[in-house]
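Good morning, and thank you for making time for this. I would like to walk you through one structure, going from its domains to the places where its parts meet.

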Amino acid sequence: MVPRDLVLCAPSYRREMQNLYVPHGAYANVCGSDLIRQPDGTFAVLEDNLRVPSGVSYMLANREAAKRVFPGVFRGAGVRSIDRYPDLLLSTLKGMAADWRPNPQVVVLTPGVYNSAYFEHAYLARLMGAPLVEGRDLVVHDNMVYMRTTTGLRRIDVIYRRVDDDFIDPLTFRRDSGLGSAGLFNAYRAGNVVICNAPGTGVADDKAVYAYVPEIIRYYLGEDPILPNIETFLCREPAQLSHVLANLDKLVVKAVGASGGYGMLIGPHSTRAERAEFADALKADPANYIAQPTIQLSTAPCLIDSAIEPRHVDLRPFILSGEKIAVTPGALTRVALRRGSLVVNSSQGGRLEGHLGHRRRP
Amino acid sequence: MMLARVADSLYWIGRYVERAEHMARLSDVMLTATLDRTEAATEVARIALAAVGDTEPEKALAPFKATQALVLDREDHGSIATSLARARENARQVRDQITTETWERLNLVHFRMTDPNAGRVFRDGSQAFLHDIIADLHLFKGAADATMSHGEGWRFLLLGVYLERAQLIGALLEVCFGDGKRKPITDHFALTSVLRMACALEPYLRVYTADMQPRFILEFLLLDEDFPRSLRFCTDRIEEHLAVIARNVEPGHANPERVAGRLRARLQYADMEEIQAQGASAFISGVLDECAAIHRMVYETFVAYPLEQRLPA
């Protein structure tokens, strides 16, 4: 149903994960899907983030700040609490440990203070009460992972890693990485430690795989997706490619493997030269691109330079899956700060706001 | 149980914070003393600079310039600015281990030091600036004491504070009372300034009254049981914290708590007559050597231990 080459040729595909089964079949323990509101008011999924989704600490910290600034709004609105997130995350992670380990040791693995998301790593570690480790704190011996503590080595059961696949183990992945620990992946394969999210989950972030998600849901779960996808044209299909080329000025074209709002063409806002450049790129490597109709993202009033102006937003709820699946009743709202811009991404200067999940009326 | 890297960072936060506070106090005493152009004032500047390892005699003649460098020079490894930057850098590494209240205090001092106007503020009111830094650092220690769990991390922080303090006060005493070649300090003003540098003037007065005797000052700063900046008090705390920290380490490692205990006992049962007969210099440098040894052993035992010894069999 999903073309074989789409998965096997994806840059984030990890051959090393073949024939490896993880507890509860939960590969993406933390997932952040980006939702948008369409002009007719219905929500749709814009993108999935299964690799190492970030932003949840901003949701929590912004909520705290918002409560301090607008206590009146909260009092009347029946806002549901999101305080349980760290607790849910910890129990999800603990649930991934092997059954025979009675009190599993969970750690958060960070690339270090110079990473732009370090605040989040430290924040989550603090709220979960889990040690925040760096690669240099870890030691692998006999396929067991230990951390260096003041009283000697201590065994680790679950690693919530905030380091990309490529960097977690110089023996298996990138050799020049100093952020991971040599031998970590073998320990994982041996079942002595669990890495969350599993390496290789980035395959599902691929924008071409995204197009197949509704089909995957229908085939494997036998039910209809609750949230629809955005209509997506796969340039790998010749018929769809010619449609895309004919309508470049109306569509948004995205490179499948790219993230962070890079490598995309927004048809209606593009120049003739940009379109010509993308058309050449499309013909040269059609499988690398998808196209979607330009969607008018919904707007929210934002305070810009002391005036209230509308800005386009999207919404990222966080989904935890392990033994059970839990969705936090709140989400991160991301704002495209430039007027009229449709690119909402924190790597490109988007601003982050907390979103309030309302209690549904009975 | 805590990460070795985290313990290391906490230990260094303690050391840097204590170092910055001591430097700020030395600078303050030096600036206040040299407002009068007297022989004794130059002597005070010389003592303060020598206590931070700067023995160039001409610097003591330009005390303002010397303090300015000591406080604000980022290039200088020993300056207050550098110490505080490093303390904060270490704190950022272990942000999840210290309470928000504690972190905020350190962050505020950091903002005070890195403010673009810091140079001007220092020029316009040096004493007020230094006083604020010292007060900020007191708040930091207070917040750490009042809000952090008094567990292992807190003990590593305080181990750093007291080990650094012992070495700084030891260095000050060595400059004032150790050097046999220079004539002993007898001037009343210089002696009170020495006490001020150790933040000891008021507690000293309560014990010895206004009778400024070099021998009493030495005795107070070396052997007083209750004054928190005496060497004896510092070694008491060092031993106390090390004993608890070392409780869970498997036997067979280097034994910093034993060395700390021996040092504490040496100061506890020291006799002033004997110290003077033997020469204060030898006694003080002995204490400083032991402190350096404790520092080394803390590393070997808790932080940079060889892995082979600790791997499960």
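Let us begin with chain A, whose domain assignment gives domain 1 (20–73 + 213–230 + 298–357), domain 2 (95–196) and domain 3 (231–293). Please keep in mind throughout that this is a predicted model, and that every value I quote has been computed from it.

How far apart do the C-alpha centres of domain 1 and domain 2 of chain A lie? The distance between the centres is 27 Å, and the contact between these two domains takes 19 residues from domain 1 of chain A and 17 residues from domain 2 of chain A. Together they bury about 1,500 Å² between them, with 63% of that area on carbon and sulfur atoms. On the domain 1 side, the residues that lose the most area to domain 2 of chain A are A:Leu20, A:Val52 and A:Ser57, which together make up 34% of what that side buries.

If you look for charged pairs across this boundary, the count between domain 1 of chain A and domain 2 of chain A is zero salt bridges, although there are five residue pairs in polar contact, both residues being at pLDDT 80 or more. Helix α2 of chain A, residues 56–69, gives the most to the domain 1 side of this contact, with five residues. Sorted by class, that side has 11 nonpolar, six polar and two charged residues.

Let us stay in chain A and turn to its strands. As a reminder for those new to this, strands of a sheet pair through backbone hydrogen bonds, either parallel or antiparallel. Chain A has an open sheet of four strands, in the order β10-β13-β11-β12, and the pairing is antiparallel. Because β10 (233–234) and β12 (264–266) of chain A stand at the edges with a single partner strand each, one side of each is left without a neighbour in the sheet. Further in, strand β11 of chain A, residues 251–255, runs antiparallel to strand β13 of chain A, residues 289–293, and five bridges join the two. To find this pairing on the screen, you could start from A:Lys254, whose bridge partner in β13(A) is A:Ile290.

Another antiparallel pair in chain A is β5(A) with β6(A), joined by four bridges, and here A:Leu138 stands opposite A:Met147 in β6(A). These strands form a hairpin with two residues between them, and in this hairpin A:Asp142 takes a positive phi near 55°.

Now we come to the meeting of the two chains. How many residues does the contact take from each chain? It takes 25 residues from chain A and 27 residues from chain B, and the area buried between the chains is about 2,300 Å², of which carbon and sulfur atoms give 55%. A:Arg148, A:Thr150 and A:Thr151 supply 32% of the area that chain A buries against chain B, which is more than any other three residues.

Between chain A and chain B the count is two salt bridges. In one that you can look up, B:Arg5 forms a salt bridge with A:Asp137, with the closest N and O atoms 2.7 Å apart. There are also 13 residue pairs in polar contact between the chains, again with both residues at pLDDT 80 or more. The elements of chain A that each supply at least two residues to the side touching chain B include the two hairpin strands we have just seen, β5 (138–141) and β6 (144–149). By class, this side of chain A has 13 nonpolar, six polar and six charged residues.

Finally, let us look within chain B, which is divided into domain 1 (1–147) and domain 2 (161–305). Their centres, taken over C-alpha atoms, are separated by 21 Å, and 24 residues of domain 1 of chain B are in contact with 26 residues of domain 2 of chain B. The two domains bury about 2,300 Å² between them, 66% of it on carbon and sulfur atoms.

Which residue forms a salt bridge with B:Glu18? The partner is B:Arg229, the closest N and O atoms being 3.8 Å apart, and the count between these two domains of chain B is five salt bridges. The rule for polar contacts finds nine residue pairs across this interface, both residues being at pLDDT 80 or more. On the domain 1 side of chain B, the elements that give two or more residues are α1 (4–33) and α2 (39–51) of chain B, and the largest share, 14 residues, comes from α1(B).

Methods: Residues are numbered from 1 along each chain as its sequence is written. Chains are lettered from A and ligands numbered from 1 in the order in which they are written. This is a predicted model: local features need pLDDT of at least 70, side-chain atom pairs count only at pLDDT 80 or more; totals for chains, interfaces and linings use all residues. Side-chain values use heavy atoms; hydrogens and water are left out. Contact means heavy atoms within 4.5 Å. Buried area is the accessible area (1.4 Å probe) that two parts lose on being put together, summed over both. A salt bridge is a side-chain nitrogen of Lys or Arg within 4 Å of a carboxyl oxygen of Asp or Glu. A polar contact is a pair of N or O atoms within 3.5 Å; within protein, one must be able to donate a hydrogen and the other to accept it, and residues adjacent in sequence count only if both atoms are side-chain atoms. Ala, Val, Leu, Ile, Met, Phe, Trp, Tyr, Cys and Pro count as nonpolar, Asp, Glu, Lys and Arg as charged, and the others, Gly among them, as polar. Domain bounds come from an automatic or database domain assignment. Two strands pair if DSSP finds at least two bridges between them.
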